[in-house]
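Let's take a walk through this structure together, from whole chains down to single residues. Keep the viewer open as you read.

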Amino acid sequence: MRRLKAWFDRTGWSDLIIGLPYLWLVLFFLLPFLIVVAMSVATKTPTAPPFSFGGEHPWINLGGYARIFGDALYIRAFLISVGNAATATFFCLLIGYPMALALTRVSKSWRNILLMLVILPFWTSFLLRVYAWMGLMGRSSWFNTGLTDLWNWIVPIDWAVKSLPMMHSNFAVVLVMVYTYLPFMILPLYASLERLDPTLDEAALDLGSRPWQVFLDVTLPQSIPGIIAGGLLVFIPAAGELVIPSLVGDAAAPMIGRVISDEFSSARDWPMASAVAVALLALMVVPTMLYSHYQARSEGTK
Amino acid sequence: MTRRPTFLLTMLGFGFAFFYVPILSMIVYSFNASRLATVWGGFSTKWYTALWSNTQVIDALMLSLKIALVSATAATILGTMAGIAIVRMGKFRGRTLFSGLVTAPLIMPEVITGVSSLIFFLLLAQWIGWPTQRGFTTITLAHITFSMVFVTTIVQARLLQFDRAIEEAAMDLGSRPWQVLFDITLPVISPAIMSGWLLAFTISLDDVVITSFTTGPGSTTLPLLIWSKVKLGVTPDINALATLMVVAVGLGVIVAGIIMNRAEARRLADERLAYRTNG
């Protein structure tokens, strides 16, 4: 392989193969990102473009960051984002874990078909998957009326409602997040559960463990890397989500993605939008590093 | 385990119901005669015929397909190069930054990618006078950037499990390096490149957030059109459009899956045959 690489080096092909994607990402990803970081310490002005460094303004203006910590709007948006994303992650785990475990227990030919069925919704339009739930949650839909009847039948008569207020709430946001991100939880869980040695289960059963003890003492501890990987694959995109809260969320309780978009488009406050964006990224650095740590570890044990 | 895992299979059933009931409900209601999208008013296919004459939808679909074709192809070329660079080029200057750059877009929230791309294009227009207006070009550039890293991830994974002895053998048997690249390396990783292209294509076709920031007047992609309509509520014509899209993508994925499975099986059989005749 040395010779192949040496030939690439000699002919300059390697410069092209490395250089072209490198240049592209620096120009269209790194540079715009650095501009946003710089923008976060600029000052908003009524000019076009609406920002300025220096002149009558301070070169570095930390006002945007001060507002994030001082203004209840931003703190609340961050808390709602983290809360919704964490709740969605929890329910994805609750639903996804038994599904992933069941996938390891079915026959090989069934398994491929079922895995395909897990991945298939992921290929269909994200927007349309959100839209499908809008149809179900609306006041007059069969789903809502059915649940309303069920609710009215269970609860005391005083609590009876005409229809359940599902749309435009944090409940709707979490439900749709669980729906759209569930494959992200199932697939890494399945990958880590599939690697487990079934003879360990049998050994524990033979030695007199109850099935739930086998699960708690043998299966669960070994699948923790999969749980963490799946959890972060759900949590990270969910916390920065924009489409779901815009369509089914409560406009009075915006998530952070919505705040960034509104600051930028409606308020035309580029520096503030950038400061919130940088703060959101800072919030995601820790989970991301955790993810790559566990990813590296689970690949090491393969 | 001889016991049937009844609880687990029940959960699996519920899980698949959760996955597919909303989509099936949407498909059923696309045949609803009533204008009220959620109240059943008899069977009808009128929303489908109405869709055919809706030029707005057709134009948006055409633009989306054009952007997805161009951006997926460019993203596949750039992404494959990046994958080869990371796995095969050993240590080069700036490798750490490069591997950071091919993973960062994967986890960057879309809204931040969107805002930063728009600020970048607006400032670029101010500084060098280009792009004079946003539309096809800016959307395509943004799509290439965030979908190429998905191609890289897939190609990288395939290259890491590549048996390099095959390349070595070809070199020893006197192949020129470019022959090794075009006759061995690229054909072997071609299923990965194909899935990369397919993924880049669907990502581009599906994107709302980044497109909404990089688009300009007159450039409405299909997701943007759906987005603007869906914000106003659920309507039967969107149900019909959604059904067509879901069915098209579902069939496409199944057919692509079958083709790729066959190709993979044939490749494995060829490999086994090669080992047997040599051994």
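Before we look at any helix pair, one definition will help: an axis here is a line fitted to C-alpha atoms, for helices over the stretch in contact, and angles run from 0 to 180 degrees between N-to-C directions. Please also keep in mind that this is a predicted model.

With that in hand, turn to chain B and find helix α3 and helix α6 (residues 136-160). The axes of α3(B) and α6(B) come within 6 Å and cross at roughly 40°. Angles under 35 degrees count as roughly parallel, and those from 65 to 115 as roughly perpendicular. The angle therefore makes α3(B) oblique to α6(B). Viewed for its hand, the crossing of α3(B) and α6(B) is right-handed. The contact between α3(B) and α6(B) has 19 nonpolar residues, 10 polar ones and 1 charged one.

Now pick out a single residue, B:A82, which sits in helix α3 (residues 55-88) of chain B. Is B:A82 buried or exposed? A residue counts as buried if 20 or more other C-beta atoms lie within 10 Å of its own. B:A82 has 28 other C-beta atoms within 10 Å and is therefore buried. Leaving aside residues up to four places away in sequence, B:A82 touches B:V102, B:M148 and B:T152, along with A:P21 from the other chain. Take B:V102 from that list: B:A82 and B:V102 are 20 residues apart in sequence, and their C-alpha atoms are 7.9 Å apart in space.

Let's step back to chain B as a whole. Chain B has 11 helices and 0 strands, so its pattern along the sequence is easy to follow: α-α-α-α-α-α-α-α-α-α-α. The C-alpha atoms of chain B fill a box of roughly 70 × 70 × 35 Å along the principal axes. Chain B has a radius of gyration of 24 Å, whereas a compact globule of 279 residues would have one near 19 Å. Of the 279 residues in chain B, 40% are buried. If you take the contacts in chain B between residues at least 6 apart in sequence, 77% of them join residues at least 24 apart.

One peptide bond in chain B is worth a stop. Most residues other than glycine have a negative phi, and most peptide bonds are trans. The bond from B:W130 to B:P131, however, is cis, with omega near -5°. You will find B:P131 in the loop between α5 (110-128) and α6 of chain B.

The touch between B:A82 and A:P21 leads us to the meeting of the two chains. How many residues does each chain bring to the contact? Chain B contributes 71 residues and chain A contributes 66 residues. On the side of chain B that touches chain A, helix α1 (residues 6-29) of chain B gives the most, with 13 residues. That side of chain B divides into 53 nonpolar, 11 polar and 7 charged residues.

Cross over to chain A, which has 14 helices and 2 strands. The radius of gyration of chain A is 25 Å, well over the 19 Å that the globule rule gives for 302 residues, so chain A is more spread out than a compact globule. The C-alpha trace of chain A spans about 80 × 75 × 35 Å along its principal axes. Buried residues account for 42% of the 302 residues in chain A.

Within chain A, look at helix α6 (residues 126-137) and helix α8 (residues 170-194), which pack at an angle of about 135° with their axes 10 Å apart. They are therefore oblique to each other, and α6(A) passes α8(A) in a right-handed crossing. Among the residues making this contact are A:W133 of α6(A) and A:Y179 of α8(A). By class, the contact has 8 nonpolar residues, 1 polar and 1 charged.

Two loop residues of chain A round off the walk. A:H168, in the loop between α7 (142-154) and α8 of chain A, has a positive phi near 55° without being a glycine. A:R268 also has a positive phi, of about 50°, although it is not a glycine, and A:R268 lies in the loop between α13 (256-265) and α14 (270-300) of chain A. A:H168 is partly exposed, with 17 other C-beta atoms within 10 Å; A:R268 is partly exposed, with 15.

Technical notes:
Residues are numbered from 1 along each chain as its sequence is written. Chains are lettered from A and ligands numbered from 1 in the order in which they are written. This is a predicted model: local features need pLDDT of at least 70, side-chain atom pairs count only at pLDDT 80 or more; totals for chains, interfaces and linings use all residues. Two residues are in contact if their C-beta atoms, placed from the backbone, lie within 7 Å. Helices (H or I, at least four residues) and strands (E, at least two) are DSSP runs, numbered from the N terminus. Ala, Val, Leu, Ile, Met, Phe, Trp, Tyr, Cys and Pro count as nonpolar, Asp, Glu, Lys and Arg as charged, and the others, Gly among them, as polar. A residue is buried if 20 or more other C-beta atoms lie within 10 Å of its own, exposed if 12 or fewer, and partly exposed in between; C-beta atoms are placed from the backbone. The radius of gyration is taken over C-alpha atoms; the globule rule is 2.2 Å times the number of residues to the power 0.38. Angles under 35 degrees count as roughly parallel, over 145 as roughly antiparallel, 65 to 115 as roughly perpendicular and the rest as oblique. A crossing is left-handed if the near helix is turned anticlockwise from the far one by less than a right angle, and right-handed if clockwise.
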